[in-house]
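Dear colleague,

I am passing on the structure we spoke about, and below it you will find my notes on what came out of it. Please read them slowly alongside the model.

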Amino acid sequence: MNKEERIELAELLFPNINENIEYYENKYPKRNLKEGAMVTRYGPSPTGSVHLGNLFSAFCDMIYAKQSGGIFFLRIEDTDQKRAVEGGIENITGVLKGFNILPNEGYSYGGEYGSYKQSERTLIYQTYIKKLIIDGYAYPCFMTEEELSSIREEQELLKTKIGIYGHYAVDRDLSLAEIKEKLKNNEEYVIRLKSPGDANKQVEIIDCIKGKMKFPEHDIDTVLLKKDKTPTYHFAHVIDDHLMHTTHVIRGDEWVSSIPLHIQLFKVLGFEPVKYAHIAPITIKDKETGTIRKLSKRKDPWAGAKFYEEEGIPIDALHLYLATIANTNFEEWYLNNQDKSISDFTFDFTKQAIGGTSFDESKLNNLCKTYFSRKSGEEVYNETLEYAKKYDLEYAKLLEANKEDMIKFLSIEKDGPRPRKDISKYSEVKEEFSYAIDELFIKEAYKKYDGDKKYDTDLIENYLNILNTNCSNEEWFNDVKEFALSNNYAASPKDYKKEPDKYKGHVGDICEAIRVIVTGRTKSPDLYSILKILGKERIKERINLYKEVVLK
RNA sequence: GGCCUGUUGGUGAAGUGGCUUAACACACUGCCCUCUCAAGGCAGCAUUCACGGAUUCGAAUUCCGUACAGGCUACCA
């Protein structure tokens, strides 16, 4: 076919496309950004719930764009209508907001480079396809599903590369007359790339994360436009990222083998190619099989984005975790720069893991604990209340009714240089601080305490008489020691160990009795702080409650 | 079958030919501190970098082969 014929063919196939590519090139001019600014994008398909891996990739998009003074935008890749799930798009935007991963522009955020929804860009794709046909880089292919699968079977049998290329690409050189004939018969067709590649030649590709890679040139006539004239991912992404002026495509590792195709598409279209950064998947060791696999939504609760919200894992802590897997040197930096935040760190693609990253639950947990330990009592209160309003309304009401006390309890041992690390999720506060709210304590009273040990309430009642809630911690503890001695208890565990026969026990035993009666548990933050907040009256009530419930 | 990529302790990993008898962190174990926890302090935790060979005075680091794992091989993304 000569050029005139190709023009005729393009018009025949897409008579309704009136614009030429210059129109779009002018409509979406180069972005006015400073040197080195990165334009990244998150391109999810609305096919179901969001996976941690998706979140991670969006997180990377965000940090790299942000730190370089660039743009991070959201583009909905919904070219496959069959897989679309109802509410899928709203789910994506909702999760992104919930996780504080906020694009600068894009679907539902606005911007000059829209539409940011691929299903609304069909005309654009067809315009560029027309150009490719005219340039001789694309052609209609009328092969049926049966033909395709028989070729595939043959290739499998011959153990050769699978796909439509070389002599398998039978419609590659159809004459204009033949095409017209088929169109007249209403034969369905797709538009395929007329790949100029030679598989015997090698292309070298530089991936920002993985480094240099060598591939055979792409020589397969990949489908660009499907039967319904919507684009495949390959074609759509190249057009969109060119028109939206993406500089860095950060995406999952599963795409590396299509890099040669994508580079070829950029070349054939006359575009400057984007830079690619392929991130490794988040993996986990399967407990049953012992093999390493991708985090799975079905098997691992940690895989689903919703899980973090429901469990009450703080978003900032999750960001910290994502940052530690994004750049391997982040963790150490953060440890040495405790007063700084993620945005102060300079991320670098070369510091990103090349192979899979194993999901480390205990590390996340630790990060969460550190997060909580650095928050003030009031902050923890407010955030927990917000969580409870969503997932435990009853508790939310109790929190609101007991705000003052609750904040006091949550603030215990927060002042020092090494604050307590006792909670890792909002959902743990209720149980961990059950003694803070009378109503809750009465209901749950001592249920969690299953020790056989019965404590001497008379002794504790006597102690209550000498309790001074208005002194220093040191003075208080001296009083306890004195009280211990006068009741035949050793003033320190050491004394007791030396002469166990001489005493009934030691101060620790007395403290334990107070602690269990007052809090219902053997472990708690500083006892005296708790006693002070509760006050004598409530302590008395708890002694009575203990008698009722435990001693009967 | 073909094409890519990866493989360092329980985990995340540092490491780019001599500074490595392998950093750091999490987890774990023991001791100390101590009214309980938490925190903290101290100590322990790969003599070895999947395996085999080659290059080199010298290799976790370079090369070749093997094994294992992951990905792609759709008119899905």
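**Domains and overall form**

Chain A is divided into domain 1 (3-24 + 122-279), domain 2 (296-349 + 359-373), domain 3 (376-444) and domain 4 (445-552), with bounds that come from an automatic or database domain assignment. Please keep in mind that this is a predicted model, in which local features need pLDDT of at least 70 and side-chain atom pairs count only at pLDDT 80 or more, while totals for chains, interfaces and linings use all residues. Residues are numbered from 1 along each chain as its sequence is written, and chains are lettered from A and ligands numbered from 1 in the order in which they are written.

The C-alpha centres of domain 1 and domain 3 lie 58 Å apart, and the C-alpha trace of chain A spans about 110 × 50 × 40 Å along its principal axes.

**Cores**

Buried residues (those with 20 or more other C-beta atoms within 10 Å of their own, the C-beta atoms being placed from the backbone) make up 34% of the 552 residues in chain A. The largest nonpolar core, a core being a set of buried Ala, Val, Leu, Ile, Met, Phe, Trp, Tyr and Cys residues joined through C-beta atoms within 7 Å, has 98 residues, of which Phe59 and Ile517 touch the most other members. A second, separate core of 25 residues includes Ile124, Tyr128, Ile191 and Leu265.

Leaving aside residues up to four places away in sequence, Ile517 touches Tyr455, Ile460, Arg542, Ile543 and Tyr546, where contact means that C-beta atoms, placed from the backbone, lie within 7 Å. Among contacts in chain A between residues at least 6 apart in sequence, 74% join residues at least 24 apart.

With best wishes

How values were computed:
Buried ≥ 20, exposed ≤ 12 C-beta atoms within 10 Å, placed from the backbone. Contact = placed C-beta atoms within 7 Å.
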